[in-house]
Structure formats: structure tokens, C-alpha cells
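Reader: Hey, I'm new to this one. Can you walk me through it?

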Amino acid sequence: MNPYDIAGEATDVLVVGAGPAGLSLAINCRRFGLSVRVIDRHPEPDRTSRALAVWSGSLEALSAVGVAEDIRAEGLTIGRVTVGDGARVLLDEETGVDHAGPFPQPVILPQWRTEQILADRLAALGVRVERGVALVAIDQERDRVFATLHHGEDTPERAVAGFVVGCDGGASAVRHLLEIEAEDFSDPETHVFCDGRIEGPLQPGTLYLWSGEGGSIALSPIDGETWRMTARRQAAPPPAPSGSHPGPDADGAATGEPPPEPPPTREEMQHYLTLSGPPGLSIASVSWLAAYRAGEFVAERYRDGRCYLVGDAAHVLSPTGGQGLNMGIMDAANLAWKLAQIARGRGDVQALADSYEAERRPIAKAVIESSLVRLLAGFAGGIVARTTRDVAVKALSRLAPLRRRMLADLADSAASYREGALAGLRRMVTAGTPTVGERALDAPYHDPETGKAGSLWPLLCGLDARETGKSDGPVHTLLLFGDATATRAIALSVEEFGPAVRIVQLDAVTDPDGEAARRYTVDPGGWVLVRPDQVVGTRGGPLDVGLIDSYAELALRLPEAR
Ligand SMILES: Cc1cc2nc3c(=O)[nH]c(=O)nc-3n(C[C@H](O)[C@H](O)[C@H](O)COP(=O)(O)OP(=O)(O)OC[C@H]3O[C@@H](n4cnc5c(N)ncnc54)[C@H](O)[C@@H]3O)c2cc1C
């Protein structure tokens, strides 16, 4: 019996919080055929400026839910990353070089706009965010979760769901209600933000990470005119002038967070820019100023029974690393297809339920500990960090592969799942990259009917198969390399899964130059099974039917077929 069977009257998934993590999760779940409710305690969407960068890994995940092109079309592409110190340029690197994914370069789009695009997509799938509704209690039973929801002054609602997913931010009520502790990684620090026009020699489309006597700053273009400047506050802030914009956590008192710090003044930001920015820059005008105080932490557990944590609810990262929004989107992509399999009793449901934390928690810790990103950004502060960073940057400027690795780290597209039951198959797979747990790659693909040149990526996302949101569930993609006779045994081995495994033959017609085979380092007759979150599930040669079978037991097979 499936221990995660869902009671008849329950919504499959109750998503708590309509930030980027909650919206992404809800869209993914809906597209995998689950029923979904999304609630948010705020009556209106948050319109403050917050995260800007959507990195390659997130764009890949968002392309699978059909919104990456909208984000790319509306956003600004980051073409270069430049690292400097005082008057010296230490590193000046083009983004996206040698990146085999479909979105080699990061895109800048204000968070509120990304959220709006996601909310529109969710609405197109028939789900509207229920605003002004707060979760206040959770009670788990064998086949359901009771969630107490407050709708303003009305009598509380007792909602019933198969799973509750806390996407409710750093002060997560779900995390507190489940009594999940957080593992702290850094003491709280205050970061200050300024959006506005900057005069001086800045190149459009370039991300600047700069250091000087006063610490370090990051300068990111927002659009053709305005820039976001981020710095670590160096000393006690001057008193806030009356009428200034409240910080992003202005309602922190209601959530148990520390009271907000006063936002910086334009003069405070200019001070940091002069001391620590590229030479010759001045702030010409300001549209947003904010201070944000937070430490970095990762929840001790990402799951308790039928309840999960996603996004900031599971991990809060320094906003200067530019990864918070992106991590939530990637968490959502990892979890949604597993919930859909678990709800249907497909595969080893316990292993699938455990694999979300096993795969995603180490990534959050790795991002926090990512020394390259940290050293380069220099946000640790102090002379020691600065000296160490200089050494690292010098090494980087000589070593192209290391440089690319740094940009891939930032882009989150090199993150690979090395932990957990699903990654255990890695031990059985002998050769080839990308290997089990690594991101699948894009490659040229020629339509077998028309011969028209295109890309493999949309097939890996199953985009055409799930547009209505009424699919039969997540779809795995089996890439078969070589002609159909060479891969016949493997093709037959997935017949029992019907539309849950889609076969893509990469032969002389669809891969005429052998580029896909080269990128996947596969010999003729070889194959790669790609998960619904575009991660390699397993791979092998023409006789490795057993590898498919092992994976199917974990993540695909229905109980009656065992
Ligand atoms: C000033 C600032 C700058 C930042 N800059 C960057 C950046 O450059 N790059 C980057 O990647 N990240 C950045 N971040 C971090 C980024 O904004 C967060 O990581 C991101 O918003 C997390 O998304 P989320 O969906 O997990 O949570 P949130 O966006 O916090 O959304 C949580 C939602 O849950 C709702 N909620 C909370 N409690 C309840 C409840 N009990 N019931 C119902 N609903 C509830 C809230 O109303 C909220 O809408 C920045 C953050 C700030 C504040």
C-alpha cells in the first residue's frame, strides 16, 4: 500500500506562500496533473525591488514550465562579469562561453515582474493565488494534512491537503510549526541596496564585483538606464530620515523577525561607491533604497511526513550572492515531479520523498560555502579576505577552466545531485558525462518528419505534452543514440511505462552531425534517461537493461507492475 495515498476530499498540494518558490512549485505540480491551492498571507503581491538575476539553471527550470522565454524577452542579458579592486581590473569574463545549456547567459529582471509572469502562467493553468489567507496550524494524519487557514476576520478554515509545502519565506510558519531547527552559517549582517542612475564609465550589460578600502560592492544593471548597487553596511547606520522607504522586512515584527534596520541614505551609498567601487562613479538619482538584515541558515530537515520546505523557508542565503530566488525555483523543479510520482504510488515512494532533501540540501550548503563566489565577491570583508581574494583572482585570471567553473557556480547550472537514493545509481554507471544526477544538456535536434533544425531541450521538458495542465503525470525522456535496431532492447524495456517515458531517437536523421552524441559522450547504441526535472536519471550501453530497471523501481514503476 502507498503510505502517501491521499484522502478523497483533499487537494493534492497546498502551497503556502506565493513568492517565486511557491509559484514555481504550483505551476510544476499543476502541469504534472496534481490539484493545487496556493495561499499567501499578503493581500497584494510584493512590488518592492528584491532579487534581480535569474541564472542559467533557473532559466532552464523555468523553460520547462513555459516562462523562460518571456523572462528572457523582457529582461536584460548579462554579457560580462568584471571583477576589480580600486583602479585595477582583475578579471573581465564573458558570460556563457562553452555553456552547453539552452540559456548560457543570466538575465536581469526585477523579482516582482518574474513573480507576475509566474502568476500569469499559473492562472493560465486554472489556479489563482488566494491572497489574504495565512496558514496558522498544521495537523498531519495518515492520509492527509489538516491546515488551519485564517482569512482575515472570518472563521478559520480547516483545509485538507495531501501535501503541504511551505514556500513561506525565511520566517516560515510551516518550518516553525513543524519544529524544524535551522543550521546557522553566518551571523546576521546588514546589506544595503540602492536602485538608481549612476554616472560614470560603466559598460551596459556588465555585472561588476568590486572592492576597495571600504569593503566590496556589487553593481548590476537593471535596464539600459538604472543600476542596482549592493553593499555590506560597514557601521551603525545614521538615523533614518522621515518619510524614507521602509526596508523589505518592514512587517518583520509580525513574523517574529528582528525589527527592520533603517534604509541607507543616498549619501551612505555614495560613500561605499566612492570607497569601494570602480573609479569615477556617482549616484545621479535614486528610485529605491533598502536595508536587509539576515544571517545565512539551512533548515535541519526539508521534510516532515507530508510537509516540505522549499525556497527561503528551507534556506536563507546572503542576498549579495544573488542565489535566493534561484535556489527556490530549482528546489521547486526538483520536488514537484517527485510529489506527482508519490501521489500516484509510482516507484519507491519513500526513497522519492527522502530524495528531495538529500539532493537539494547539500546544494544550499554548497552555495553558502562556495569559496570562489565568496572570495570573488569579497563580501566576507576585512583585509585577510581581501588578500586571499586577490590570490584567488590572480589564479583565476590564468586558468580558464577555473574561471568557467566560477561562472557556472554562479549560474547554478553546474549543481549536481551526488547524494540520495536516486544518485546511488551513479555507482552502477561506468562512463560518460553528464552522469547520474547532473543536468541534462541541450544539443541540436533535427525534426524526423521535416528535417528542420531545432533543439533537443523542448523535448526534454515535454513542453508539447503538458500544455493543458491535465497530463497523466511527469514524463521521463529516454535518449537513444544510434539507429533503432541498435537500441531496440532498451526501447522495449520502457514499453510498460507508456507515455510516462518518451523515446527520442538520435540517429543519422535527427543528429546528423553526431553533436548530441558528442555532448552526451555516448557511443552508438548508448542511451541516457532524463528525469522530468532535466537531470540525468541513469545512462548506459545497449545491453544495460538492468540499469533502466533499477531506476524504474526507484522512480517509475507502478506497484501492480512489481
Ligand atoms: C532587499 C533584498 C534583495 C535581494 N536580492 C536578491 C538577489 O539579488 N538575488 C537573489 O537571488 N535573491 C535576492 N534576495 C532574496 C530573494 O528575494 C528571496 O530569496 C526570494 O524572495 C525567496 O523566495 P521565496 O518564494 O522562497 O520566499 P518569499 O519571496 O519570501 O515569499 C514567501 C511568501 O510567503 C508568504 N507567507 C509567509 N508566511 C505565510 C503564511 N503563514 N501563510 C501564507 N503565506 C505566507 C509571504 O507573504 C510571501 O509572499 C533579496 C532579498 C531582499 C529582501
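Author: Sure. One term before we start: helices and strands here are DSSP runs, numbered from the N terminus. With that, Thr-450 can be placed in the loop between strand 22 and strand 23 (453–455). Keep in mind that this is a predicted model.

Reader: Okay, so is Thr-450 buried or exposed?

Author: Thr-450 is exposed, because its relative accessible area is 57%, and the cut-off for exposed is over 50%.

Reader: And what does the side chain of Thr-450 reach?

Author: The backbone nitrogen of Lys-452, at 3.1 Å.

Reader: Cool. Switching to the ligand: which residues come nearest?

Author: There are 32 residues around the ligand, and the nearest are Asp-40, Gln-111, Asp-312, Gly-324 and Leu-325.

Reader: What's the ligand's distance to the side chain of Gln-111?

Author: A ligand oxygen sits 2.7 Å from an N or O atom in the Gln-111 side chain. With Asp-312, a polar backbone atom is 2.8 Å from an oxygen of the ligand. Pro-20 also has a polar backbone atom facing a ligand oxygen, at 3.3 Å.

Reader: How much of the ligand does the protein cover?

Author: 90% of the 1000 Å² of accessible area that the ligand has on its own.

Reader: Which elements give two or more residues to that shell?

Author: Two helices and two strands: helix 1 (20–31), helix 8 (324–344), strand 9 (133–141) and strand 17 (282–294).

Reader: What about domains, where does the shell draw its residues from?

Author: Domain 1 (1–52 + 110–184 + 296–360) and domain 2 (189–294) each supply at least three residues to the shell around the ligand.

Reader: And how many of the shell residues are nonpolar, polar or charged?

Author: By class, 17 are nonpolar, 10 are polar and five are charged.

Reader: New topic. How many aromatic pairs does the structure hold?

Author: Eight. In one of them, the ring centres of Tyr-208 and Trp-227 are 6.0 Å apart and the planes stand at 50 degrees, so that pair is tilted.

Reader: Where do Tyr-208 and Trp-227 lie?

Author: Tyr-208 is in strand 14 (residues 206–212) and Trp-227 is in strand 16 (residues 227–232), so the pair ties together parts that are 19 residues apart in sequence.

Reader: Is Tyr-208 buried or exposed?

Author: Buried, with a relative accessible area of 6%. Trp-227 counts as buried too, at 7% relative accessibility.

Reader: What about the rings of Phe-481 and Tyr-520?

Author: Their centres are 6.0 Å apart with the planes at 45 degrees, so this pair is tilted. Phe-481 belongs to strand 24 (residues 476–481), while Tyr-520 is in the loop between helix 15 (515–519) and strand 26, so the pair ties together parts 39 residues apart in sequence. Phe-481 is buried, at 2% relative accessible area, and Tyr-520 is buried at 0%.

Reader: Which residues do ring pairs link into a cluster?

Author: Tyr-4, Phe-163, Tyr-302, Tyr-308 and Tyr-356.

Reader: Now the backbone. Which peptide bond is cis?

Author: The one from Thr-433 to Pro-434, where omega is near -5 degrees. Pro-434 is in the loop between helix 12 (400–411) and strand 22 (444–446).

Reader: Why point that out?

Author: Because most peptide bonds are trans. Likewise, most residues other than glycine have a negative phi.

Reader: What's phi for Glu-179, then?

Author: Positive, about 55 degrees, although Glu-179 is not a glycine. Glu-179 is in the loop between helix 5 (173–177) and strand 12 (182–184), and is exposed, with a relative accessible area of 65%.

Reader: And Gln-534, what's the phi there?

Author: Also positive, at about 60 degrees, and Gln-534 is not a glycine either. Gln-534 lies in the loop between strand 26 (527–530) and strand 27 (536–540). With 2% relative accessibility, Gln-534 counts as buried.

Reader: Last one: where does Ala-421 lie?

Author: In the loop between helix 12 and strand 22. Ala-421 is partly exposed, with a relative accessible area of 38%. The C-alpha atoms of Ala-421 and Ala-351 are 6.2 Å apart, with the two positions 70 residues apart along the chain.

Key:
Residues are numbered from 1 along each chain as its sequence is written. This is a predicted model: local features need pLDDT of at least 70, side-chain atom pairs count only at pLDDT 80 or more; totals for chains, interfaces and linings use all residues. Side-chain values use heavy atoms; hydrogens and water are left out. A residue is near a molecule or strand if one of its heavy atoms lies within 4 Å of it. A polar contact is a pair of N or O atoms within 3.5 Å; within protein, one must be able to donate a hydrogen and the other to accept it, and residues adjacent in sequence count only if both atoms are side-chain atoms. Accessible areas come from the Shrake-Rupley method with a 1.4 Å probe; for residues, only the protein chains shown count as cover. Helices (H or I, at least four residues) and strands (E, at least two) are DSSP runs, numbered from the N terminus. Ala, Val, Leu, Ile, Met, Phe, Trp, Tyr, Cys and Pro count as nonpolar, Asp, Glu, Lys and Arg as charged, and the others, Gly among them, as polar. Domain bounds come from an automatic or database domain assignment. Buried means under 20% relative accessible area, exposed over 50%, partly exposed in between (1.4 Å probe, protein chains only). Rings of Phe, Tyr and Trp (its six-membered ring) pair if their centres lie within 6.5 Å; planes under 30 degrees apart count as stacked, over 60 as edge-to-face and the rest as tilted.
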